[in-house]
Amino acid sequence: MTSLDPREELARRLGLVHVPPVHFASPDEVKDRLAAKSYLSDDAIASVTFLADRLAKPVLVEGPAGTGKTALAQAVADATGARLIRLQCYEGLDESKALYEWNYRKQLLRIQAGRSESAGEEWRHLEEDIFAEEFLLRRPLLEAISATEPVVLLIDEVDRVELETEALLLEVLSEYQVSIPELGTVRAHQIPLVFLTSNNTRELSEALKRRCLYLYIGYPDVQRERDIILERVPGISSTLAEQIARVVRSLRGLDLKKAPSVSETLDWARTLVLLGREEIGDEDAAATLHILLKYQTDIERATKELLGRGRTVA
Amino acid sequence: MLDLLGEFIAELRAAGIPVSMSEHMDAARAIQAIDLANRAQVRGALAATLVKDGAHLPVFHTAFDVFFSLRSVGAAEDALDEMESEAPHAPGASGPGPRRGRGGASSTMSAEELAELLFRALRDGDGDALRRGAAEAVTRYAGMEPGRPVGGTYYLYRTLRNLELEELERRLGASDEAGLAGRLAHDEAAERIERLKAEVEREIRERLVEDRGSQALARSVRKPLPEDIDVMHANRDEMAQLERALRPLSRKLAVRLARRRRRRRRGPVDLRHTVRRSLSTGGVPIDLRFKPPRPNKPEIVVIADVSGSVASFARFTLHLVHAISSQFSKVRSFVFVDGIDEVTSLFEACDDPAEAVARINAEADVIAFDGHSDYGRALSVFHDLYARDVTRRTTVLVLGDARNNYHQAHPEVLADLHHRAKAVYWLNPEPAAYWNSGDSIIAQYAPHCEAVVECRTLRQLEFFVGQLA
């Protein structure tokens with residue numbers, strides 16, 4: 001198979017003179033450079049990020065809330081020294097908020113300013129004039145495409161937009177270009193790294209999934225969670241971190257409405273450090289459990305299962 | 001490598017994961033970009049390009065383990081050649097050190113020594129020693145016979161039975177102290193035991209691949225995706241998978257239906273809002289605004305058989321219907337075996353449908369005589385007590401396999417309900433081919449239903465319930 005390098009191919013389609021260099025040389029380098037920005041990745045995260053860069057494809061990141069999906073995009077932006085452009089999705093998001101909008105007020109002013117001059121062919125001038133880039137309001141997608149410096153585009157919670165609106169994204173995701181009827185097509189000047197996150201509240205369309213690499217970020221295992229705590233919570237001892245990670249794992253093993261996320265674990269760790277604890281006693285755990293769990297029924301259940309006297313022997 | 005990739009993708013498709021042509025090409029490109037000798041990287045690259053749904057990942061990993069075990073990827077061909085020249089039955093090439101050394105020396109180990117080795121490996125988290133111990137345990141206990149077309153569950157069971165895992169788990173740290181510390185030690189020990197099980201399973205699988213080749217093995221270890229599991233014949237593991245899949249499924253369905261309803265129709269013009277909008281166009285109402293529509297929500301009555309054979313299907317359906325109950329103006333649920341009882345209050349009492357479903361078993365009074373389903377009697381009693389509540393706005397769902405244990409059918413009762421109700425649907429968890437065989441009398445009821453729907457999997461169930469709202 002004589003396939004062209006994906007980056008070269010894309011660069012040719014975009015009409016770029018030089019193929020933009022890759023940011024990472026290997027998955028291990030991804031791991032190291034993210035770790036330098038306090039983001040501890042695992043094999044899957046590192047290899048998908050590497051491939052996204054190498055193959056010039058967007059990444060769709062799914063997983064439970066609070067496991068570091070958004071943080072990944074931020075860390076990658078930090079590590080590559082790129083600017084992070086964020087599009088927060090919500091229901092009712094449309095073209096004028098995602099792609100671009102004409103600046104009506106400025107256009108109106110321009111027309112009024114032009115009225116004093118003679119009419120006639122002036123109008124033709126004007127017409128060409130008011131649909132120029134000057135009157136264009138760039139929204140995140142267009143901004144990411146037209147940026148000349150390296151950027152990381154984060155499309156957050158893409159599952160919140162309607163199925164029809166998803167189609168807006170497709171051109172950007174596969175061709176790295178935006179078509180504006182009055183202006184023509186705006187092509188990317190570089191190859192941005194694109195991350196989409198989803199909390200999986202609805203099925204995304206096949207068309208979107210096909211254009212993306214897929215990354216599932218689940219809850220970390222005990223070792224990784226301990227390392228994350230050590231990295232992100234200053235002044236914590238490694239025994240306490242280990243103990244916290246184990247408590248959280250046991251909690252996730254219970255059938256809870258909402259399992260504790262990594263960010264909640266970090267909050268809990270910070271609280272225990274502030275309280276000056278070196279290890280977690282039953283009393284401390286009972287008193288601070290509400291930081292990890294957000295439903296009363298969950299708290300009751302966890303108290304009973306983890307701290308209760310009548311522990312059933314398996 | 002590309003051939004191997006093709007075979008692998010064929011296996012994924014056979015297991016139900018949709019892999020498109022362009023994803024195949026992406027995978028081919030991805031493996032050109034990475035270090036093929038690094039198994040974790042290959043796994044990551046293939047997972048990222050071929051699997052687009054978190055729920056499909058377990059199936060992917062099983063298939064990956066089968067296809068990329070013997071051949072340590074990369075120099076796959078080389079490794080094969082090398083092995084064949086070395087010895088006709090050389091051990092797998094997956095790890096350089098430990099597995100090669102397993103031939104003669106380790107088989108002199110006694111059962112106690114093996115138990116001690118495993119205990120230490122687990123206690124210290126020593127991966128190499130654990131692998132060696134698992135290999136030894138499989139050689140010793142599994143009693144593998146070449147050429148037998150099994151998936152390995154049997155060998156796994158035999159090996160684990162001989163390893164005395166309870167004893168091992170106890171030694172690993174289950175202290176008897178109560179409270180948090182004891183619980184943590186207990187969970188830690190349990191996880192280490194899981195690691196041992198996984199290691200033994202991997203060992204068995206690799207030997208099976210050596211014996212029979214990956215394609216044949218992949219076929220026998222293939223597991224259905226959660227949404228394709230046959231609810232009536234699910235084993236315990238699959239049941240747990242179903243339970244896990246149900247919650248996100250019902251949440252997605254609720255979101256989808258709510259959106260559809262919001263968009264589908266629009267109500268009368270909202271004058272206030274329109275006038276407000278018209279200010280930006282100089283008082284000319286260019287942009288009409290509408291009030292949200294008055295929802296036209298059906299009432300649902302669910303009548304579910306909860307006798308042994310179809311209990312789990314009834315539980316799932318009740319869970320799903322109640323999870324999206326905001327889409328209906330009213331949901332009433334009845335469960336029966338040979339007596340019938342209303343359980344609506346259970347669902348109203350707790351906000352989590354799963355909890356209510358769990359309470360049905362304990363609290364509903366459904367057995368009047370001998371505990372064999374009696375559809376005729378259940379429907380008659382329902383008709384006597386509740387028929388006047390069934391109106392033109394009510395949709396009746398009957399759940400069950402219509403296996404009536406040769407009792408009276410009383411189809412005329414269902415006919416009368418059909419006459420009163422907006423619609424009657426019968427959801428049958430049995431494959432359509434089995435209907436009307438033995439004591440199944442679905443044909444007697446079918447004429448009085450809008451439709452009899454085969455609902456064997458979550459996918460079918462979700463589709464039907466989605467149509468209903």
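**Strand pairing, chain contact and confidence in a predicted two-chain model**

Q: In this predicted model, over how many bridges do β1(A) and β9(A) pair, and in which sense?
A: β1(A) and β9(A) are paired strands of chain A, and A:Glu62 stands opposite A:Tyr216 in β9(A). The two strands pair in the parallel sense, over four bridges.

Q: Which strands form the edges of the open sheet of five strands in chain A?
A: The strand order of this open sheet is β2-β5-β8-β1-β9 (chain A), and its pairing is parallel. From one strand to the next, the twist averages 20 degrees. An edge strand pairs on one side only, and here the edges are β2 (83-88) and β9 of chain A.

Q: What is the order of the strands in the open sheet of six strands in chain B?
A: At the edges of this sheet are β3 (340-342) and β6 (451-454) of chain B, each pairing on one side only. The twist averages 20 degrees from one strand to the next. The pairing is mixed, and the order is β3-β2-β1-β4-β5-β6 (chain B).

Q: Which residue is the bridge partner of B:Phe334 in β3(B)?
A: Strand β2 (residues 330-336) of chain B runs antiparallel to β3(B), and three bridges join the two. In β3(B), the partner of B:Phe334 is B:Glu342.

Q: Which element gives the most to the side of chain A that touches chain B?
A: The contact takes 36 residues from chain A and 36 residues from chain B. On the side of chain A, the elements giving two or more residues are α3 (43-55), α10 (206-211), β9 (213-216), α12 (238-253), α14 (282-292) and α15 (296-307) of chain A. That side divides into 16 nonpolar, six polar and 14 charged residues. With seven residues, the element that gives the most is α3(A).

Q: At roughly what angle do the axes of α3(A) and helix α3 (residues 39-50) of chain B cross?
A: Two packed helices are described by the distance between their axes and the angle between them. The crossing of α3(A) and α3(B) is right-handed. Their axes come within 9 Å and cross at roughly 65 degrees.

Q: How many nonpolar residues does the contact of α3(A) with α3(B) hold?
A: From α3(A), the residues A:Asp43, A:Ala44, A:Ser47, A:Val48 and A:Leu51 meet B:Ala40, B:Gln41, B:Gly44, B:Ala45, B:Ala47 and B:Ala48 in α3(B). By class, one residue of this contact is charged, three are polar and the nonpolar ones number seven.

Q: How many angstroms (Å) separate the C-alpha centres of domain 1 of chain A and domain 3 of chain A?
A: Chain A is divided into domain 1 (6-93 + 139-216), domain 2 (100-135) and domain 3 (222-305). The contact of domain 1 with domain 3 takes eight residues from domain 1 of chain A and nine residues from domain 3 of chain A. The side of domain 1 has three nonpolar, four polar and one charged residues. The C-alpha centres of these two domains lie apart by 32 Å.

Q: Over which residues of chain A does pLDDT stay under 50?
A: The mean pLDDT of chain A is 85, and 93% of its residues reach 70 or more. Among its elements, strand β1 (residues 59-62) has the highest mean pLDDT (94) and helix α7 (residues 121-130) the lowest (71). Where pLDDT is low, the predicted coordinates should not be read in detail. The model has four contacts beyond four places in sequence for the stretch of chain A that stays under 50, residues 309-314.

How values were computed. Residues numbered from 1 in each chain as written. Chains lettered and ligands numbered in written order. Predicted model: local features only at pLDDT ≥ 70, side-chain atom pairs only at ≥ 80, totals over all residues. Domains from an automatic or database assignment. Contact = placed C-beta atoms within 7 Å. Nonpolar A, V, L, I, M, F, W, Y, C, P; charged D, E, K, R; others polar. Axes fitted to C-alpha atoms, helices over the stretch in contact; angles between N-to-C directions. Left-handed = near helix turned anticlockwise from the far one by under 90°. Pairing = 2+ DSSP bridges. pLDDT = per-residue confidence, 0-100.
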